Amino acid sequence: MTSLSPILKQATPVVVDRAEGSWIHGTDGRDYLDFTTGIGVTSTGHCHPKVVAAAQQQVGQVIHAQYTTVMHKPLLELVDRLGGVLPSQLDSLFFANSGSEAVEAAVRLARMATGKPNIVVFQGGFHGRTVAAASLTTAGTRFSAGFSPLMGGVQMAPFPYAHRYGMSEAEAVDFALRELDYLFASRVAPNDTAAFLIEPVLGDGGYLPTPDAFLQGLRERADKHGILLIVDEVQAGFGRTGRFWGHEFSGIDPDILITAKGLASGFPISAIAAPTELMSKAWPGSQGGTYGGNAVAAAAACATIDVIAEENLVENARVRGDQLAEGLQRIAEKYQVITDVRGRGLMQGIEFGDADGRTGGQLATAVQQATTGQGLLSLTCGPLGNVVRLIPALVVSADEIDLGLERFGAAVAEVVG
């Protein structure tokens with residue numbers, strides 16, 4: 001009898017019968033409010049009618065047409081649609097399947113374009129599980145341990161994690177930028193550095209918004225030293241933060257942008273965007289892949305962009321995100337074990353600290369498990385596993401946010417007392 005790998009562990013015991021909007025209906029007969037959205041993937045909610053219709057129509061026309069062999073209309077349409085939401089200078093696109101693939105394509109492009117070997121990443125960043133992407137990931141040793149040697153040329157600098165350092169945000173930014181400058185003086189020469197790679201909001205690293213001043217400091221150093229700035233928008237992009245792209249809060253312009261997850265409401269597709277002049281510096285044959293830019297996924301992505309615009313979902317993410325954050329702060333005020341609430345838009349993290357002999361990680365796991373019992377699906381994250389993350393769909397309603405807060409509060413009370 002065959003089975004899934006025993007190493008794969010489900011965060012919940014739920015088996016899905018069907019799903020719609022913000023809800024998963026389990027085979028156990030229960031309805032679950034889904035604040036995981038497939039780890040930020042089902043951006044327009046489960047089975048949005050317009051996304052379903054676009055995919056169904058495309059399946060009847062062409063399912064797969066490998067886009068370096070023959071072109072298909074959905075991908076051409078997606079290129080045009082993305083041009084309406086991307087920063088204007090990022091006018092050239094390469095498509096792949098997953099975030100990891102897109103990350104590796106971005107790093108490959110940066111090295112080829114600059115002729116430099118080194119990539120600077122920041123502590124707590126998550127960029128994927130394939131070998132190169134895992135080499136760039138510092139959100140936990142479980143992502144990179146056990147299959148050395150990893151890819152060389154990766155240097156890590158501190159992230160301005162103010163709560164962890166016991167600093168103000170301004171102090172943490174100043175510290176992290178000073179340490180980056182010291183890294184350049186002591187370990188890796190700027191003229192050997194191809195790119196900075198950073199998330200606008202750390203994902204698996206703990207749902208930490210990257211301070212605007214830090215991104216601005218990276219942009220200044222990138223310009224000074226001829227380094228490319230790669231922004232990993234895999235989880236923070238496509239409206240989740242209350243802006244279409246997470247980096248927009250800072251006002252900086254990235255050289256390369258990476259997108260995936262919410263791009264197609266559940267269909268596997270990813271992309272990197274760069275100026276045509278930069279993208280042209282990739283070596284011939286360095287970009288490709290059998291399934292990249294799949295026709296059905298591209299059609300779903302076009303429908304996703306339409307739904308986000310037509311239903312004003314970026315603004316909904318901002319308003320509902322403020323509602324969620326305010327409600328979580330009220331819950332946090334009741335419990336000393338909740339040491340921090342942070343995030344942007346519909347990307348909120350609740351950090352737990354030690355209490356009664358239990359670590360923050362044990363508390364966060366217990367709360368995450370208790371939310372399932374309360375009919376709310378959540379996840380944990382952070383290198384120490386001490387953060388519960390809530391990732392509602394962009395279509396979430398005010399009533400659903402209130403219900404999610406009620407169920408989350410009940411779960412905390414159940415665990416902490």
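A salt bridge here is a side-chain nitrogen of Lys or Arg within 4 Å of a carboxyl oxygen of Asp or Glu. The exercises below use a predicted model.

**Exercise 1.** Decide whether R389 and D204 meet the salt-bridge rule, and place the pair in the domain assignment.

*Solution.*
- Take the distance. The closest N and O atoms of R389 and D204 are 3.5 Å apart.
- Apply the cut-off. The limit is 4 Å, so R389 and D204 form a salt bridge.
- Look up the domains. Domain 1 covers 16–34 + 313–416, and domain 2 covers 50–311. R389 therefore falls in domain 1 and D204 in domain 2.
- Take the count. The rule finds two salt bridges across this interface.
- Add the polar contacts. Eleven residue pairs are in polar contact between domain 1 and domain 2, both residues at pLDDT 80 or more.

**Exercise 2.** Describe the side of domain 1 that touches domain 2, by element and by class.

*Solution.*
- Start with the elements. α11 (313–332), β11 (338–343), β12 (348–352) and β15 (387–390) each supply at least two residues.
- Sort by class. This side has 14 nonpolar, six polar and six charged residues.

**Exercise 3.** State how much area the two domains bury, and which three residues of domain 1 supply the most.

*Solution.*
- Count the contacts. 26 residues of domain 1 touch 29 residues of domain 2.
- Give the area. The domains bury about 2200 Å² between them, with 59% of it on carbon and sulfur atoms.
- Name the residues. L313, R344 and M347 supply 36% of the area that domain 1 buries against domain 2, more than any other three residues.

Terms used:
Residues numbered from 1 in each chain as written. Predicted model: local features only at pLDDT ≥ 70, side-chain atom pairs only at ≥ 80, totals over all residues. Heavy atoms only, no water. Contact = heavy atoms within 4.5 Å. Buried area = accessible area lost by both parts, 1.4 Å probe. Polar contact = N/O pair within 3.5 Å; in protein donor to acceptor, adjacent residues only side chain to side chain. Helix = DSSP H or I, 4+ residues; strand = E, 2+ residues; numbered from the N terminus. Nonpolar A, V, L, I, M, F, W, Y, C, P; charged D, E, K, R; others polar.
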